[in-house]
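Hi,

Here is the structure I promised to pass on. Have a look at it first, and then read my notes below.

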Amino acid sequence: MRILILGDIIGKPGMRAVVSALKGLIRRYRADLVIVNGENSNDGYGITADLADQLFRAGAQVITTGNHVWHDDKVGELLDSRPEVLRPDNYPAGVPGSGVFVIDRKQGKTAVINLQGRDRMPSIDCPFRRFREIMKRLGSSIDQVVVDFHAESTAEKEALAHYLDGEATVVFGTHTHVQTADDRILPKGTAYITDIGACAVEQSVIGFKPDISTRRVLTQLPLRNEVADGAAVIHGLLVESGAGSRRAVSVERIRFTSLV
Ligand SMILES: [Fe+2]
């Protein structure tokens, strides 16, 4: 099973790049399953039904998100009507949507799980314990487990990956938007990367205009970030799991410069 994952899609440049390149990337990497993080696709904040449709038409099968998913006030309808659009599962009970989607492919059943960190993030439920609860609920019928851990802290991400080692096929970090060079397979077979990177304009500050970002730092005012203009770089990960096994057998970072 070859799983192609793309990182946080930032605004129009990220959407343009992913929508135009995804079919080619699926062919090139012979991907069986495609997961993208769409939490910043709506002009940098959140996702809409229209943007989700564009990503599904382009070849995505599951969309994960993060803390910015709540930005659009219609997102509850989207989350409740499209179960393949996830929000972090460890938000308190009663919040719209779900952070778990099971997709059945000829290569097996894959659970895609979206969790969010708590270090310098909203103090939601424990992602570590939530994972265990989810796995208990899903039972033993799952062949692969893919976890998007949307988190700020490198230490929290590495800790979750070790906690899940052997239970998840891959744990990948999102949210910090800069691809890290620490992709590896942990001792019991879980592929891991601290941050998968964003689909965003390269000459930017995590996808946003550098002049506003620097003014925010210099003035300490809550200036609204604006998505940077230009062609985006697509960052992601390709993970292959062994036949009949939840273990990852290979992991490869992806970096692809879009021309649009
Ligand atoms: Fe993000």
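In what sense do E4 and E5 pair, and over how many bridges? The two pair in the antiparallel sense, over six bridges. Bear in mind throughout that this is a predicted model. A hairpin of two residues joins E4 to E5, and across the pair valine 102 stands opposite alanine 111 in E5.

Now the sheet they belong to. It is an open sheet of six strands, in the order E4-E5-E6-E7-E9-E8, and the pairing is mixed. Strand E4 (100–105) and E8 are at the edges with a single partner strand each, so one side of each has no neighbour in the sheet. On from the hairpin, strand E5 (residues 108–116) pairs with strand E6 (residues 144–150) in the parallel sense, over seven bridges. In that pairing, asparagine 114 is opposite aspartate 148 in E6. Seven of the nine residues of E5 are buried, so the strand is largely enclosed by the rest of the structure.

Next, the helices on this sheet. Helix H4 (residues 127–138) lies across E4, E5 and E6 and runs at about 155° to E5. Helix H5 (residues 154–164) also packs on the sheet, where it touches E6, E7 and strand E9 (191–193), and its direction makes about 165° with that of E7.

I spent a bit more time on H4. Its 12 residues, at 1.5 Å a residue, should span 16 Å, and the end C-alpha atoms are indeed 16 Å apart, which agrees. Which residues of H4 are buried? They are Pro127, Arg130, Phe131 and Ile134. Looking down the axis of H4, you'll find these buried residues within an arc of 105°, so they line one face of the helix. The general rule is worth recalling here: an α-helix has 3.6 residues a turn, so residues three or four places apart point the same way. The buried residues of H4 pack against E4, E5, E6 and H5, while the face turned away from them carries the exposed residues Arg129 and Lys136. After H4 comes glycine 139, with a positive phi near 75°.

Over to the other strands I looked at. Strand E1 (residues 2–6) and E2 pair in the parallel sense over four bridges, with leucine 6 opposite valine 36 in E2. Five of the five residues of strand E2 (residues 33–37) are buried, so it is largely enclosed by the rest of the structure. Both faces of E2 are covered: Leu33, Ile35 and Asn37 are buried on one side, Val34 and Val36 on the other.

As for the core, the largest nonpolar one has 70 residues, and those touching the most other members are Ile3, Val18, Ile35, Val147, Val170, Val171 and Cys199. Isoleucine 3 has contacts further along the sequence with Ala31, Asp32, Leu33, Ile35, Val146, Val170 and Val239, leaving out residues up to four places away.

One last residue: is histidine 177 buried or exposed? It sits in the loop between strand E7 (170–174) and strand E8 (184–185), yet with 22 C-beta neighbours inside 10 Å histidine 177 counts as buried, because the cut-off is 20 or more. Beyond residues up to four places away in sequence, histidine 177 touches Asp8, Gly197, Ala198, Ala200, Ile206 and Gly207. Its C-alpha atom is separated by 16 Å from that of glutamate 158, 19 residues away along the chain.

Cheers

Methods:
Residues numbered from 1 in each chain as written. Predicted model: local features only at pLDDT ≥ 70, side-chain atom pairs only at ≥ 80, totals over all residues. Buried ≥ 20, exposed ≤ 12 C-beta atoms within 10 Å, placed from the backbone. Contact = placed C-beta atoms within 7 Å. Pairing = 2+ DSSP bridges. Axes fitted to C-alpha atoms, helices over the stretch in contact; angles between N-to-C directions. Expected span 1.5 Å × (residues − 1). Arc of directions from axis to C-beta. Core = buried A, V, L, I, M, F, W, Y, C linked by C-beta atoms within 7 Å.
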